[in-house]
2 protein chains.
Amino acid sequence: MKERLIVDMDGVLADTYQQYIITELKESGVEIKYDETLGLLEEEAFPNCIKHLETRGFFRTIPVMKNAQDTLRRLNEKFEVFVVSAATEFPFSLEEKYFWLEENFPFLTWEQFVFCGDNKVVKGDIMIDDFIQNLDSFQGRTILFSQPHNCNLNEHLHERVENWKDLENLLLS
Amino acid sequence: MKERLIVDMDGVLADTYQQYIITELKESGVEIKYDETLGLLEEEAFPNCIKHLETRGFFRTIPVMKNAQDTLRRLNEKFEVFVVSAATEFPFSLEEKYFWLEENFPFLTWEQFVFCGDNKVVKGDIMIDDFIQNLDSFQGRTILFSQPHNCNLNEHLHERVENWKDLENLLLS
């Protein structure tokens, strides 16, 4: 039986920081550089963060994380993949996230999507997430995906990857 | 620590058969009696079933199952409740289900909603569902909620309740 792999969406499949940078520039003309966000939470790096999250279209147009498509397609053959996203905090994001996944990861089916508010309700063997609190409550192998908000955390309870190439090496080689 | 209670939506919190009957009468003028649906799957009892499920508004206006509100409010104090619904098959249902829950079960929060395609990904102690296949793959106590499509099944692996009063007696007394 295949191992079950739980993959987070924002900050793992979706390049949320990049989308904040694009949106901030477009809406307020302020250019925030990626390097300036290192070590900062989303709400610290982007003052209009919540406003953006509540704006229709934000989630529908997020750039895909580099190399995520190719690597996840291959992971989907080896593992039983579920994409789990904390989506119910922003109800308008639900449809957008669905159609974003359908467009960018067409090899996944609707049976593999989970939109919830609290990741601790899911069960699996391996979890990839950028938030340590999600990994902490998971019973299984845990992989921290590096993002600006977690890059300074000195974290030893979870494996860490910098990008999808690292994930490929870790889980597919 | 509270036990985790997984509660299904369609056919448990939401009176889906009743909604089919209302919709069928409104759209085609055909009156289908509840008693005529006993022992039949949704698609056998309601020829236009899939068309209804794909129509905007169907999920947003489903009648609430009798006594579900009061009993779930009390269950929510005793248990860690998650409402889990197979929603991703019909992407337009996602928002509708969210706002339906918010309106009819205002004591629940968005953290307690799970919209997925396959219930086997959730973990808990007790599951209430009207579909035996969902209960079969659950590791924990399983309660079958009687609905027309399961009423003739001679099922002994799961406890059976006929309605929310039965659930109250079973889990709250």
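## Asn67 in chain A and chain B

Asn67(A) sits in the loop that runs between helix 3 (49–53) and helix 4 of chain A. The model is predicted. Phi of Asn67(A) is near 70°, which is positive, and the residue is not a glycine. Most residues other than glycine have a negative phi. At 32% relative accessibility, Asn67(A) is partly exposed, because that class covers values from 20% to 50%.

Chain B has its own Asn67. Asn67(B) is placed in the loop between helix 3 (49–53) and helix 4 (68–78) of chain B. Phi of Asn67(B) is near 70°, again a positive value outside glycine. With a relative accessibility of 34%, Asn67(B) counts as partly exposed.

## The buried side of helix 4 in chain A

Helix 4 of chain A covers residues 68–78. Which of its residues are buried? They are Ala68(A), Thr71(A), Leu72(A), Leu75(A) and Asn76(A). These residues span an arc of only 140° around the axis, so they lie on the same side of helix 4 of chain A. An α-helix has 3.6 residues a turn, so residues three or four places apart point the same way.

What do the buried residues of helix 4 of chain A pack against? Their partners in chain A are strand 1 (4–8), strand 2 (80–86) and helix 7 (164–172).

## Asn150 in chain A

Asn150(A) belongs to the loop between strand 5 (141–145) and strand 6 (159–161) of chain A. Is this loop residue buried or exposed? Asn150(A) has a relative accessible area of 1% and is therefore buried, since the cut-off for buried is under 20%.

The side chain of Asn150(A) has a polar partner. It reaches the backbone oxygen of Asp130(A) at 3.0 Å. Setting aside neighbours within four places in sequence, Asn150(A) is in contact with Asp130(A), Leu144(A), Phe145(A) and Arg160(A). Asp130(A) thus appears both as a contact and as the residue whose backbone oxygen the side chain reaches.

## A cavity lined by chain B

Rolling a probe the size of a water molecule over the atoms shows where empty space is left. The count here is one cavity of 30 Å³ or more. The largest cavity holds about 30 Å³ of space.

Which residues line the largest cavity? The lining consists of Met9(B), Asp10(B), Ala14(B), Phe59(B), Ile62(B), Lys97(B) and Trp100(B). By class, the lining has five nonpolar residues, two charged ones and no polar ones.

Key
Residues numbered from 1 in each chain as written. Chains lettered and ligands numbered in written order. Predicted model: local features only at pLDDT ≥ 70, side-chain atom pairs only at ≥ 80, totals over all residues. Heavy atoms only, no water. 1 Å grid on protein atoms, 1.4 Å probe; cavity = no way out; pocket = protein on both sides within 12 Å on 5 of 7 lines; lining within 4 Å. Points joined across faces, edges and corners; volume = space filled by probe spheres on them. Nonpolar A, V, L, I, M, F, W, Y, C, P; charged D, E, K, R; others polar. Helix = DSSP H or I, 4+ residues; strand = E, 2+ residues; numbered from the N terminus. Buried < 20%, exposed > 50% of the residue type's maximum accessible area, 1.4 Å probe, protein only. Polar contact = N/O pair within 3.5 Å; in protein donor to acceptor, adjacent residues only side chain to side chain. Contact = heavy atoms within 4.5 Å. Arc of directions from axis to C-beta.
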